[in-house]
Amino acid sequence: MSDVTRTKHGRPVHHWRRDVVELAALFTAVAVADGVANLIGHGPGGPALLVISAVLLASTAGFHTWWARRHGHAPPADDTGARPTAGTRSAGSAEQPGTAAGETAGAAALWRMRTTVQDEPGSLAALCTALAGQRVDILSLQTHPLADGTVDEFLLRAPGTLEAAAITRAVALAGGVSTWIERADAHDLVDAPTRVLGLAARTALDAAELPLALRQLLGRCTIRSLPGKPVGGGRGPQPVPVEGVLEDTVMRLRAPEGGVLTVERPYLPFTPTEFARARALVELDNRLGPRIPRGEYVLTLPAGDDITVRRADTGDVAAARAMHERCSPRTLGLRYHGPVGDADRYLNHLLSPRFGRTLAAQTAAGRIVGLGHLLWDGDETEVALLVEDDWQQRGIGAELLGRLVAMAEDAGCASVYAVTQASNTGMVAAMRGLGLPLDYQIEEGTLVITARLDATRAVGARNARTAHTRLT
C-alpha cells in the first residue's frame, strides 16, 4: 500500500477514506487469491482460473488507480480559496520560478515623480489610471498650480522590476509633460506639512541649519549666501526685494545684514509653492536673528589639561582676534593662505552661523586656543582648523576636526574638503587620522584633501571620542 500524504502547517495528514479503500482492495485481493489457489489445486480448469484471477487483479489495480486520481489528497483550489504556492507555475505562465502567481520578482521601489498636466477635469484621474495600469501605488500627492497648468508631485511605490522609463512613458501617454523622476527613500514618506514644520523647528534652534533645511525642502540644489559687504571690500550683490525673486530654476531671497541667498536647481524649475515655502523659512530665520545652541563638553588632554569645546559665533570675534595675536605668522599663513594682516578681516564671516558652524576650544580661564570651522560652500562642505602655537600637537586639532566631520555626516554631507599646504603636517595628519577614504589634489600651489564620509565609521569615531570626554 502506498503511503501518500500531504502536509498542513508542516505536519503529515492521513485520510481515513483512502485507508479504508486500500484495505478493502487488499482483503479482496487476498480472498480472490485464496479462492484461485483452492480451485487450481482441486479442479481440472486450473490454467483458465489462473487467467481469470489475473484479470481480476488487474481490474482491482485499475480501480485503485482511478480512485486515487479522483480523490487526491489535496483539496481543490476552488473549495478552499488556495492559490499556487511559491516555486510553482501553471501551464503557459510567464512568471519566473520562485515567485508567487500574480506577483512580480524583486522588492518594491520608491520613486519621486513630478509632471505637468492641463488644469482641467479628468487630467489627474487619467494619470492615476495610467499608474494603476503599471501596478504603481500612489503614497502621497501634492499639487502646485501654475498659470498654464498644474504640477503634480507624487511619491510612488512601484514593482522592483519596473523601470523609470516605463513609468514616465505611461504618464506621457496619459497627458503628463515635463516629467521628472528619481528614486526616493523612507524619509520621503513623511508628509510635506510635517517635514516643513520639522525643518522650521531645526532652523529656529540653530541659524546654521538654514542651508541644510532648504536643501532638504527643495532636494538637490546649490545654495550660496553672499554677504552684503564682501570681506575683501568692493561692491556687494545686487539687493533683492523683500518678497524675493523667482526665475525658473533660480530663486534669490533677502538674507540678513543686507545679503542675498541664492538657490539654484538647474535640473528642475521651482514652483511658486516651493518658492513660498523657502521664503517662509528664510523669513523665520531673519526674524529670529543669529543664534546657536548652547552646549559644551570638556576634553581631557593627554597631559591632563581640561579644554572646553563649544559652539562659537560672532560674539567671540574679540576672543578669536586675541588668539590671532598670539599665533605666529607661520601658523596664520598656513591657515589663511594669504597676508597675515588680513586674517582678522575674515573672522566675522567665519564665525557667522549663516555660513556654517564653528567650534571653539578654550581653557578653564576662558581663553580661546583653537577654532574649527565647518563652512557651507554651495553644495560642498569645507573644514578648516587653527590652533594656537603653544597648544599644538596636544590633540586639540584632531578633536575639533573629528567633531566637525561628525556634524557634516549628521547633516547628510557626502564629503568634506580641507585646503592647506603640503608643509602643514598637522592638518594632513589630522585628516589621515579620521580613518576615512581621502583624495589628494594640488590646485594653484595648495593641497586640497577630500574625505568621503562613511556613516558607520563616523558613528564609531563619535563613540570613541565620547568615551574620552566627560560632559559638563
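**Entry 1: strands β16, β17 and β18**

I began with strand β16 (residues 415-420), which is joined to β18 by six bridges, the two running antiparallel. The model I am reading is a predicted one. For a pair to hold on to, I took tyrosine 417, whose bridge partner in β18 is threonine 450.

I then looked at the other pairing of β18. Strand β17 (residues 438-443) pairs with β18 over six bridges, also in the antiparallel sense. Here glutamine 441 stands opposite valine 448 of β18. β17 and β18 make a hairpin with two residues between them. In that turn glutamate 444 has a positive phi of about 50 degrees.

How many of the seven residues of β18 are buried? I found five, and I noted the strand (residues 446-452) as mostly covered.

**Entry 2: helix α10**

I turned to helix α10 (residues 329-336). Six of its eight residues are buried, so the helix is largely enclosed by the rest of the structure. The buried ones are Thr331, Leu332, Gly333, Leu334, Arg335 and Tyr336.

What do these buried residues pack against? I listed two helices, α9 (317-326) and α11 (347-351), and two strands, β14 (368-377) and β15 (380-387). Just after α10, histidine 337 takes a positive phi of about 55 degrees.

**Entry 3: nonpolar cores**

I looked up the largest nonpolar core, which has 38 residues. Leu374, Val383, Ile396, Leu401, Val416 and Met431 touch the most other members. Helix α12 (residues 396-410) gives the most to this core, seven residues.

I followed leucine 374 outward, leaving aside residues up to four places away in sequence. Its contacts include Phe355, Val383, Leu404, Met407, Ala408 and Val416. Arg357, Thr381 and Glu382 are also among the residues that leucine 374 touches.

There is a second, separate core of 19 residues, with Leu217, Cys221, Ile223 and Leu261 among them. I added one general remark: in soluble globular proteins, nonpolar side chains tend to be buried together.

**Entry 4: the four-stranded sheet**

I traced an open sheet of four strands in the order β4-β5-β3-β6, with antiparallel pairing. β4 (137-146) and β6 (177-183) stand at the edges with a single partner strand each, so one side of each has no neighbour in the sheet. With direction ignored, neighbouring strands of this sheet are turned by 15 degrees against each other on average.

Strand β3 (residues 109-117) is joined to β6 by five bridges, and the two run antiparallel. Arginine 114 has tryptophan 180 of β6 as its bridge partner. I also noted that helix α8 (residues 272-288) lies across β3 and β4, at about 90 degrees to β4.

**Entry 5: salt bridges**

A search of the whole structure gave me 19 salt bridges. I went through three of them.

The side chains of arginine 157 and aspartate 137 meet at 3.5 Å, N to O. Arginine 157 is in strand β5 (residues 149-158) and aspartate 137 in strand β4, 20 residues apart. Arginine 157 is partly exposed at 37% relative accessible area, and aspartate 137 is likewise partly exposed at 38%.

Is the pair of glutamate 274 and arginine 265 buried or exposed? Glutamate 274 counts as buried at 6% relative accessibility, and arginine 265 counts as buried at 2%. Their closest N and O atoms are 2.8 Å apart.

The third pair is arginine 287 with glutamate 283, the closest N and O atoms being 3.0 Å apart. They are four residues apart in helix α8, which means that about one helical turn separates them. Arginine 287 is exposed at 69% relative accessible area, while glutamate 283 is partly exposed at 33%.

Which residues are linked in a network of salt bridges? I wrote down Arg112, Arg114, Glu153, Glu182, Arg220, Arg265 and Glu274. Arg114 in this network is the residue whose bridge partner in β6 is tryptophan 180.

**Entry 6: the chain overall**

I closed with the totals. The protein chain has 14 helices and 19 strands. Of its 472 residues, 39% count as buried. The chain exposes about 25,900 Å², and carbon and sulfur atoms supply 56% of this area. Among contacts between residues at least 6 apart in sequence, 62% join residues at least 24 apart.

Note on methods. Residues numbered from 1 in each chain as written. Predicted model: local features only at pLDDT ≥ 70, side-chain atom pairs only at ≥ 80, totals over all residues. Heavy atoms only, no water. Buried < 20%, exposed > 50% of the residue type's maximum accessible area, 1.4 Å probe, protein only. Contact = heavy atoms within 4.5 Å. Areas by Shrake-Rupley, 256 points an atom, 1.4 Å probe, with all protein chains shown as cover. Core = buried A, V, L, I, M, F, W, Y, C linked by side-chain atoms within 4.5 Å. Pairing = 2+ DSSP bridges. Axes fitted to C-alpha atoms, helices over the stretch in contact; angles between N-to-C directions. Salt bridge = Lys/Arg side-chain N within 4 Å of Asp/Glu carboxyl O.
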